[in-house]
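Work through the exercises below with the sequence and the coordinates at hand. Each task is followed by its solution.

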Amino acid sequence: MAMSNSPITQVSESPITQVSQYSSAPPSPGQGGFPSKLVLDLRGTRFEIDREVLVSLPESILIVMFPNGLILGRGHSDSYDDDDNNSDESISLEDQIIYVDFDPACMDYVLDFYQEAQMAGETQMAGETQRLDNPVAANHNLSSQNPLLNKQAIIVLREELDYFAITPSKTGFPAKDDVPATGPVLADVSKVKVKTECGIHLLEQRKIFTALQRNINKENNVAEQHLIDMLCVSGFSRDDEWGYRDIEPKKTSIVSIALVMLKTTGSGNQMATAQKLLLFWRKPARKCWWDGVEVELDEGENKLPIRLWARRTWTLELVLV
């Protein structure tokens, strides 16, 4: 896919910085000052995660987890002296915990998929090396020529959906969508209830491509159609659902994530399509659009019409495990 025609835009860099204050190689796992495992507190649920696994997570997710960045190294905790007593064991557990505003259910989904992908990648690598006479040379050649041949690639698609409910007045919907509606129609309906029910309605819409396809049909956007086609050739199905989808606490916002393993075999141009997605390796890209629908909420014996607007932001990324 030529970048000039892409409906998505490249975005930021990794929020995690690894720092070593050692003049030579960093210490082996378990030595002080460079912990091999980290303890994350995700909204009250604690995870013990390998440092390398955390660093390997999709950058589009790390940016959300650590919006202000995270430095891994000797300065990771409060401070360290140069004596031998300063090790991970000498630091209290509470001081080692990193508090993160991130859904633990989403983290479970991502880590489980990573484990599955790593197993698939090891199987794929074993099959490739067996075809060559020299497995050692095979490893080097596969890595240098095409990273897709010796690592399992994962397509990461993340959606942030911010929604806005516009309710009618006694004379109908306001002329301008940004004018709040008032009147007898809403006398017995709280705004909180409307927002809650609209969130539930959107949460139940789990199909990944429905909203974008609706926008394509409306705008006749060829580039967006090409994006769907490319993703479906590379591992997604047109009827796929989000692997994780939930409403953010105390927000009118829904976050969804879908992970699929990149297909590199199949039709004649399968590898060529897969290599196009390498453009998004370590370079997450973003697309944003508005989506408006009208829904009806049950209010006793009556139906309350709602004009529901959603600002959808997709982030696309490729990771290798």
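**Exercise 1.** In this predicted model, find the residue that stands opposite Ile254 of β9, then describe the strand pairing on that side.

Solution. Leu161 stands opposite Ile254 in β9. The pairing is that of strand β7 (residues 153–166) with β9, in the antiparallel sense, and it extends over 9 bridges.

**Exercise 2.** Which residue stands opposite Val255 in β9, and how do β8 and β9 connect?

Solution. Start with the residue pair: Asp246 is opposite Val255 in β9. Next, consider the strands: β8 (residues 244–247) runs antiparallel to β9, and 4 bridges join them. Finally, follow the chain: β8 and β9 form a hairpin with 5 residues between them. In the turn, Lys250 has a positive phi of about 60 degrees.

**Exercise 3.** Decide whether strand β9 is largely enclosed or not, using the burial of its residues.

Solution. Take residues 253–261, which make up β9. A residue is buried when its relative accessible area is under 20%. Of the 9 residues, 8 are buried, so the strand is largely enclosed by the rest of the structure.

**Exercise 4.** Characterise the packing of helix α7 against helix α8.

Solution. First the geometry: the axes of α7 (residues 210–219) and α8 (residues 222–234) come within 9 Å and cross at roughly 145 degrees. The crossing is left-handed. Then the contact: α7 contributes Leu212, Gln213, Asn215 and Ile216, which meet Glu224, Gln225, Leu227 and Ile228 of α8. By class, the residues of this contact are 4 nonpolar, 3 polar and 1 charged.

Definitions and conventions: Residues numbered from 1 in each chain as written. Predicted model: local features only at pLDDT ≥ 70, side-chain atom pairs only at ≥ 80, totals over all residues. Heavy atoms only, no water. Buried < 20%, exposed > 50% of the residue type's maximum accessible area, 1.4 Å probe, protein only. Helix = DSSP H or I, 4+ residues; strand = E, 2+ residues; numbered from the N terminus. Pairing = 2+ DSSP bridges. Axes fitted to C-alpha atoms, helices over the stretch in contact; angles between N-to-C directions. Left-handed = near helix turned anticlockwise from the far one by under 90°. Contact = heavy atoms within 4.5 Å. Nonpolar A, V, L, I, M, F, W, Y, C, P; charged D, E, K, R; others polar.
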